[in-house]
Amino acid sequence: MRPAQGLGFIYLSLLAALLLTVIPVPYQLTLFRPDWALLVVMYWTLALPRRVNIGTAFVVGFLTDVLVGTVLGVNALAFSVVSFVVGVNYLKIRNFAVIQQALLVGLLLALYQLLVFWLSHFLTGVNFRPAYLWPVVIGMLVWPWLFWLLRRYRRQLKIQ
Amino acid sequence: MNDFFARGPALGLRLVLAVACSIGLMFVDRYTDSATQVRSYLTSAVSPLFYAASLPESLISSASEQLMSQQQLLTENSALRERLLQQDAQLQLLNFLQQENNKLRALLGSAPVVEGQRLIAEVLAVYSHPFAHQVVLNKGSNDGVNVHQPLIDDKGVVGQIVSVGPSSSRALLISDNTHAISLRAERTGIRTIAEGIGQWDQLRVIHLPLSTDIREGDRLLTSGLDGRFPEGYPVAEVTRVFKDDSQPFMNVMARPYAKLDRIRHVLILLPGNQLTVEPPAEEPL
């Protein structure tokens, strides 16, 4: 096993994703904000499953809970589950074409939204609206670009 | 491949651990009281992140202020002056009315309404998450902010503070799913409760029997019965009344006066120095 290198840069990218999660945007765009933190966690789980997996996903999910204001643990659980699915199947997912990956990412994002909705529904009794699924669509569209960007980031900084 | 599992427990076990931890967290956060304190610590721990996140926006807005032409500034200035003058004129009357009101209350033998201080706070972040309508404010316990203090803007009630850090605090908006507020209809004086349903522009007015006199356009004010919000602040206007004879209660919707989706500045109502009257016990509805 190669020694870990550039772990700090991974955390830096996760921090940037968390910032994007809370950065103020015009009201009209708020429903369309993709789940940046989850997308970045998914990328790192895919690229370096030994460095980033459920533990990191849990911590980032917990931070998302703190930042976004959902009941603590809701995002942590959903992040962990999604990271688990990616971590178990990372070899298969890596071999997919980017478009197929994007579709799969869409499915996983939908799973994430569903988990968060279910848990919030049990805990605080929220009602479902189809508009809550916009981040899934936007996340799918964002994935190819994010994948490309983060791969360059990883190769340039020789993170492994 | 084998070394994948060499470090730490297997993936499945990790998942079980993470899920167990999350469920524990959810339980503690939702069903115990210790969570408020923990939340306050967490709020203060992540507040630098909020300051960093709001940096670009504040830079842009200050830059646009810098670039405003003198003409624009002059127009704005004169408009503001005019508004100030009008409001001052209204305030004179208000002061008189308030004194009269206090005298009348004294005659009736009831305690005068104590006006507390107000604190202007800027919104650092608005949560976009549909399941959590909260804002982070740039005032904290150092400025005298405390949990449960109400928040208003220039139009109406916005929400209440739920956790406080030293230099920032977090407020729950009236449109949040977990928020409910005790109200009184201005026209008829009916007491009711409005709960948030997770939409910026709608509240649900609950537990109104079919025979209640309520119409579209009725103004709903805070009743002060919840012991959190002072009496008489405007909250929402009834937008839809739907009567279904098969249901025990009416289906009534209201639109908040406060522009919850685009708040930039809010007023935190600090309690007055004098002793306030103990709010009456919550009546069963």
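Which strands of chain B make up the closed barrel, and in what order do they run? Keep that in mind while you load the model, which is a predicted one; the barrel comes up after a look at chain A.

**Stop 1: chain A on its own**

Hide chain B and colour chain A by secondary structure. You'll see seven helices and zero strands, so to speak an α-α-α-α-α-α-α run from the N terminus on. Turn the C-alpha trace along its principal axes and it spans about 45 × 30 × 30 Å. The radius of gyration of chain A is 15 Å, which agrees with the value near 15 Å that a compact globule of 160 residues would have. Colour by burial next: buried residues make up 46% of the 160 in chain A. If you like contact maps, take the contacts in chain A between residues at least 6 apart in sequence; 69% of them join residues at least 24 apart.

**Stop 2: where A meets B**

Bring chain B back and select the contact, with 38 residues from chain A and 40 residues from chain B. On the chain A side, pick out α1 (7-22), α3 (54-68), α4 (74-88) and α6 (98-124), each of which supplies at least two residues. Centre on α4(A), as the largest share of this side, seven residues, comes from there. Now colour the chain A side by residue class: 24 residues are nonpolar, 12 polar and two charged.

**Stop 3: the barrel in chain B**

Hide chain A and go round the barrel. Its six strands run β6-β7-β8-β11-β10-β9, closed and with antiparallel pairing. From one strand to the next, the twist averages 40°.

Start with β6 (residues 180-185) and β7 (residues 191-196) of chain B, an antiparallel pair joined by five bridges. Click B:Ile181 and look across to β7(B), where its bridge partner is B:Ala194.

Move on to β11 (residues 251-256) of chain B and show side chains. Which residues of this strand lie on its covered face, and which on its uncovered one? B:Val252, B:Ala254 and B:Pro256 are on the covered face, while B:Asn251, B:Met253 and B:Arg255 are on the uncovered one.

Then select the two neighbours of β11(B) in turn:

- β8 (residues 203-206) of chain B pairs with β11(B) in the antiparallel sense over three bridges; find B:Leu203 opposite B:Ala254.
- β10 (residues 234-242) of chain B also pairs with β11(B) in the antiparallel sense, over six bridges; find B:Val241 with its bridge partner B:Val252.

**Stop 4: an enclosed strand**

Last, select β5 (residues 169-173) of chain B. Why call this strand largely enclosed by the rest of the structure? Five of its five residues are buried, so β5(B) is largely enclosed. Show the side chains: B:Ser169, B:Ala171 and B:Leu173 point one way, B:Arg170 and B:Leu172 point the other way, and all are buried.

Add the strands that pair with β5(B). Strand β2 (residues 134-137) of chain B runs antiparallel to β5(B), with four bridges between them, and B:Leu137 has B:Ser169 as its bridge partner. Strand β4 (residues 157-164) of chain B is also antiparallel to β5(B), with five bridges. Click B:Val164 and you land on B:Ser169 again as the bridge partner in β5(B). To finish, trace the backbone from β4(B) to β5(B): a hairpin joins them through four residues.

Methods. Residues are numbered from 1 along each chain as its sequence is written. Chains are lettered from A and ligands numbered from 1 in the order in which they are written. This is a predicted model: local features need pLDDT of at least 70, side-chain atom pairs count only at pLDDT 80 or more; totals for chains, interfaces and linings use all residues. Two residues are in contact if their C-beta atoms, placed from the backbone, lie within 7 Å. Ala, Val, Leu, Ile, Met, Phe, Trp, Tyr, Cys and Pro count as nonpolar, Asp, Glu, Lys and Arg as charged, and the others, Gly among them, as polar. The radius of gyration is taken over C-alpha atoms; the globule rule is 2.2 Å times the number of residues to the power 0.38. A residue is buried if 20 or more other C-beta atoms lie within 10 Å of its own, exposed if 12 or fewer, and partly exposed in between; C-beta atoms are placed from the backbone. Two strands pair if DSSP finds at least two bridges between them. Axes are lines fitted to C-alpha atoms, for helices over the stretch in contact, and angles run from 0 to 180 degrees between N-to-C directions.
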